[in-house]
Amino acid sequence: MRQADWKDRLLLKLGRLRAVRVTGHSMRPTLKDGDVVLVSRSTRLTVGDIVLADHPFKHVTVVKRVTAVTGDRYELRGDDASESSDSRTFGTLSLKDIHGKVVCRLDGAG
């Protein structure tokens with residue numbers, strides 16, 4: 001995961017990126033509780049991307065990795081399976097349930 005640079009910070013100020021604080025341990029070791037990541041509203045997702053998405057059964061957003069794409073459905077999983085509520089539990093999600101792609105982690109956050 002790359003660190004944010006001045007361009008990322010400018011895009012954040014312009015409203016092109018969204019800052020999100022990670023809560024929980026489901027994305028360890030890649031992301032830890034308290035990390036702040038920048039999310040782009042990208043609709044072009046590939047396997048391996050980390051995304052911000054709506055949990056289908058709870059009123060929360062989750063940060064998960066895309067592990068498979070079938071048609072217009074995305075399988076999402078946490079990097080730490082023992083700590084993650086993900087597609088193994090709630091199934092695949094459509095693109096409308098995904099807010100965007102994590103593009104970097106802010107330096108010094110968390």
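Which side chains does a polar contact of 2.9 Å join? They are those of D80 and R28, and the views below, taken from a predicted model, start from the sheet and come back to that pair.

**View 1. The open sheet, strand by strand.** Seven strands make up this sheet, and walking across it gives the order β1-β2-β7-β3-β4-β5-β6. The pairing is antiparallel. At the edges sit β1 (17–21) and β6 (93–94), each with a partner on one side only.

**View 2. Where β5 meets β6.** Here we zoom in on strand β5, residues 73–77, which runs antiparallel to β6 and is joined to it by two bridges. Look for Y74: the residue standing opposite it in β6 is L93.

**View 3. The largest pocket and its lining.** This pocket has a volume of about 270 Å³. Its lining counts 17 residues, with T23, S26, T61, V62 and V63 lying nearest the centre. Strands β1 and β4 (61–70) each put in at least two lining residues, and β4 has the largest share, with four. As for chemistry, the lining is a mix of seven nonpolar, seven polar and three charged residues.

**View 4. D80 and its neighbours.** D80 is in the loop between β5 and α2 (87–90). Is D80 buried or exposed? It counts as buried because its relative accessible area is 16%, under the 20% cut-off. Leaving aside residues up to four places away in sequence, D80 touches H25, S26 and R28. With R28 there is also the side-chain polar contact of 2.9 Å that opened this legend. S26 turns up in the previous view too, among the residues nearest the centre of the largest pocket.

Technical notes
Residues numbered from 1 in each chain as written. Predicted model: local features only at pLDDT ≥ 70, side-chain atom pairs only at ≥ 80, totals over all residues. Heavy atoms only, no water. Pairing = 2+ DSSP bridges. 1 Å grid on protein atoms, 1.4 Å probe; cavity = no way out; pocket = protein on both sides within 12 Å on 5 of 7 lines; lining within 4 Å. Points joined across faces, edges and corners; volume = space filled by probe spheres on them. Nonpolar A, V, L, I, M, F, W, Y, C, P; charged D, E, K, R; others polar. Buried < 20%, exposed > 50% of the residue type's maximum accessible area, 1.4 Å probe, protein only. Polar contact = N/O pair within 3.5 Å; in protein donor to acceptor, adjacent residues only side chain to side chain. Contact = heavy atoms within 4.5 Å.
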